[in-house]
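Colleague: I've got this model open and I'd like to learn how to read it. Can we start with confidence and then move on to side chains?

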Amino acid sequence: MTHDHTTGGRGAWTATAPSSPSTATPNRPGGTIRIGQPTEGVFSGVLERTLPNGMTAILPNEEFLNRSGQAYDGTGIPPHLTEPVFTKEEFTKRRDSAFDRAVSVLRNKG
C-alpha cells in the first residue's frame with residue numbers, strides 16, 4: 001500500500017503542519033509519494049525575545065533530522081511530483097491539481 005499526500009508550500013496557509021507528516025512518512029512500507037510544493041521548512045516552535053534596541057530575535061527551539069541526518073529547516077521537504085497548491089489560478093478555475101495528480105497516481109499503482 002502506498003501513502004500519497006499533498007504538500008502546500010510557500011504562500012500556503014500552513015507551516016509546520018505539512019512538514020511533520022512529510023518527515024515521518026518517507027520510509028513507510030510500500031513507499032511514499034509527496035505531491036505539491038515544498039513544505040515551508042518550519043519544523044519547531046520558536047524562542048522569541050525582544051532585544052534592548054527593540055529588535056526581535058527569533059530562534060528555533062529544536063532541530064529535526066531525517067534518518068540520514070539531513071535537516072530541511074528553511075528549504076522545506078521537496079515533493080516527488082510538483083503541482084500547484086492553493087494558488088489564485090487553482091481557486092479561480094475551481095481546480096485542485098495536486099489532489100487530481102494523487103488520485104491519478106493511486107489509480108495507476110492499483
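Modeller: Sure. This is a predicted model, and the mean pLDDT of the protein chain is 78, with 73% of its residues at 70 or more.

Colleague: Which elements have the lowest and the highest mean pLDDT?

Modeller: Strand β1, residues 3-7, sits at the bottom with 44, while strand β5, residues 81-82, tops the list at 94. Around the start of the chain, residues 1-6 are below 50 in pLDDT, yet that stretch has 24 contacts in the model beyond near neighbours in sequence. Residues 9-16 are also below 50, and there the count is 20 contacts, again beyond near neighbours in sequence.

Colleague: On to the rings. How many aromatic pairs are there?

Modeller: The count is 1 aromatic pair. F86 and F91 have ring centres 6.4 Å apart and planes at 20 degrees; planes under 30 degrees apart count as stacked, so this pair is stacked.

Colleague: Are F86 and F91 buried, exposed or partly exposed, and why?

Modeller: Partly exposed is the label between 20% and 50% relative accessible area. F86 gets that label because its value is 44%, and F91 gets it because its value is 46%.

Colleague: What about V85: where does it lie, and is it buried or exposed?

Modeller: V85 is in the loop between β5 and α2 (88-92). Buried means under 20%, so V85, at 16% relative accessibility, counts as buried.

Colleague: How far apart are the C-alpha atoms of V85 and Q37?

Modeller: They're separated by 6.8 Å, although V85 and Q37 are 48 residues apart along the chain.

Note on methods. Residues numbered from 1 in each chain as written. Predicted model: local features only at pLDDT ≥ 70, side-chain atom pairs only at ≥ 80, totals over all residues. Heavy atoms only, no water. pLDDT = per-residue confidence, 0-100. Helix = DSSP H or I, 4+ residues; strand = E, 2+ residues; numbered from the N terminus. Contact = heavy atoms within 4.5 Å. Phe/Tyr/Trp six-rings, centres within 6.5 Å; stacked < 30°, edge-to-face > 60°. Buried < 20%, exposed > 50% of the residue type's maximum accessible area, 1.4 Å probe, protein only.
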